[in-house]
Amino acid sequence: MLETFTSLDFLDQISLLQDIMDRDDASALPHLFTLLREPVGDAAVDIMARNTLRALLLKNEAEIVQGILSQDPVVRTFCLGVAGEKGFVGVAPQLVELADAAEDNAEELLSLLTAMTRIRSESFLPVFRRLVSHPDPLVAGQINLVVEPRD
């Protein structure tokens with residue numbers, strides 16, 4: 001369906017994305033991930049494509065897990081955001097594993113920690129305790145905000 005997406009005019013692109021969202025058409029997810037990685041360049045269409053992808057993922061937890069485990073950092077970061085927004089506790093084991101593996105990657109840790117703080121699972125406590133003294137001040141600061149939240 002989205003294979004000819006870039007050849008459509010603006011209104012047809014927006015209409016197609018809206019139709020996908022209205023029908024909760026999960027079969028469009030691979031194409032929407034492609035549009036996430038390779039935006040068309042029109043801000044309105046690109047935003048609509050991301051919103052459509054987000055709406056479908058919010059209803060499809062298995063795809064969120066697959067996206068979080070993706071080797072593609074764009075897909076992984078997007079799915080981490082959706083998991084955090086949804087408060088998807090079911091992804092906690094994967095996030096703990098990823099945080100353990102990303103110990104030396106501050107950027108990856110920040111994405112993971114952002115999702116973890118929004119999900120709020122007790123299984124994250126050992127990760128938070130370990131990272132509270134992380135050498136990167138941004139990572140340690142993120143943990144300190146969780147441990148000592150301000151009113």
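**Exercise 1. One helix, two sides**

Ala62 and Gln66 sit exposed on one side of helix H4; work out which residues of H4 (residues 61-68) are buried, and what covers them.

*Solution.* Before you start, a word on the model. It is predicted, so local features need pLDDT of at least 70 and side-chain atom pairs count only at pLDDT 80 or more, while totals for chains, interfaces and linings use all residues. Residues are numbered from 1 along each chain as its sequence is written, and side-chain values use heavy atoms, with hydrogens and water left out.

Step 1: get the words straight. Buried means under 20% relative accessible area, exposed means over 50%, and partly exposed is in between (1.4 Å probe, protein chains only). Helices are DSSP runs of H or I with at least four residues, strands are runs of E with at least two, and both are numbered from the N terminus.

Step 2: pick out the buried residues. In H4 they are Ile64, Val65, Gly67 and Ile68.

Step 3: look down the axis. The buried residues of H4 fall within an arc of 165°, so they line one face of the helix. (The arc is taken from the directions that run from the helix axis to the C-beta atoms.) This fits a general rule: an α-helix has 3.6 residues a turn, so residues three or four places apart point the same way.

Step 4: find the cover. It includes H3, H5 and helix H6 (92-101).

**Exercise 2. Two helix pairs**

Describe how H5 packs against H4 and against H7.

*Solution.* Step 1: know what to look for. Two packed helices are described by the angle between their axes and the distance between the axes. Axes here are lines fitted to C-alpha atoms, for helices over the stretch in contact, and angles run from 0 to 180 degrees between N-to-C directions.

Step 2: take H4 with H5. Their axes are 7 Å apart and the packing angle is about 135°. That makes H4 and H5 oblique to each other. The cut-offs: under 35 degrees is roughly parallel, over 145 roughly antiparallel, 65 to 115 roughly perpendicular, and the rest oblique.

Step 3: add the hand and the residues. H4 passes H5 in a left-handed crossing, where left-handed means that the near helix is turned anticlockwise from the far one by less than a right angle, and right-handed means clockwise. On the H4 side you'll find Glu61, Glu63, Ile64, Gly67 and Ile68, and they meet Val75, Arg76, Cys79, Leu80, Val82, Ala83 and Lys86 of H5. By class, that's seven nonpolar, one polar and four charged residues. (Ala, Val, Leu, Ile, Met, Phe, Trp, Tyr, Cys and Pro count as nonpolar, Asp, Glu, Lys and Arg as charged, and the others, Gly among them, as polar.)

Step 4: now H5 (residues 73-86) with H7 (residues 106-119). Their axes come within 7 Å and cross at roughly 15°, so H5 and H7 are roughly parallel to each other. Their crossing is left-handed. H5 brings Arg76, Thr77, Leu80, Gly81, Ala83, Gly84 and Glu85 to the contact, and H7 brings Glu108, Ser111, Leu112, Ala115, Arg118 and Ile119. Sorted by class, the contact of H5 with H7 has five nonpolar, four polar and four charged residues.

**Exercise 3. Buried or exposed?**

Decide for Gln13, Asp24, Glu38 and Arg120 whether each counts as buried, partly exposed or exposed.

*Solution.* Step 1: Gln13 belongs to helix H1 (residues 10-22). Gln13 has a relative accessible area of 7%, so it is buried. Setting aside neighbours within four places in sequence, Gln13 is in contact (heavy atoms within 4.5 Å) with Phe5, Thr6, Leu8 and Val45.

Step 2: Asp24 is in the loop between H1 and H2. At 38% relative accessibility, Asp24 is partly exposed. Its phi is near 50°, a positive value in a residue other than glycine.

Step 3: Glu38 is found in the loop between helix H2 (29-37) and helix H3 (43-58). With 53% relative accessibility, Glu38 counts as exposed.

Step 4: Arg120 lies in the loop between H7 and helix H8 (125-131). Arg120 is exposed, at 72% relative accessible area. Arg120 has a positive phi too, about 60°, although it is not a glycine.

**Exercise 4. The whole chain**

Sum up the chain by its helices and strands, its box and its buried share.

*Solution.* Step 1: count nine helices and zero strands.

Step 2: the C-alpha atoms fill a box of roughly 50 × 35 × 25 Å along the principal axes.

Step 3: of the 151 residues, 41% count as buried.
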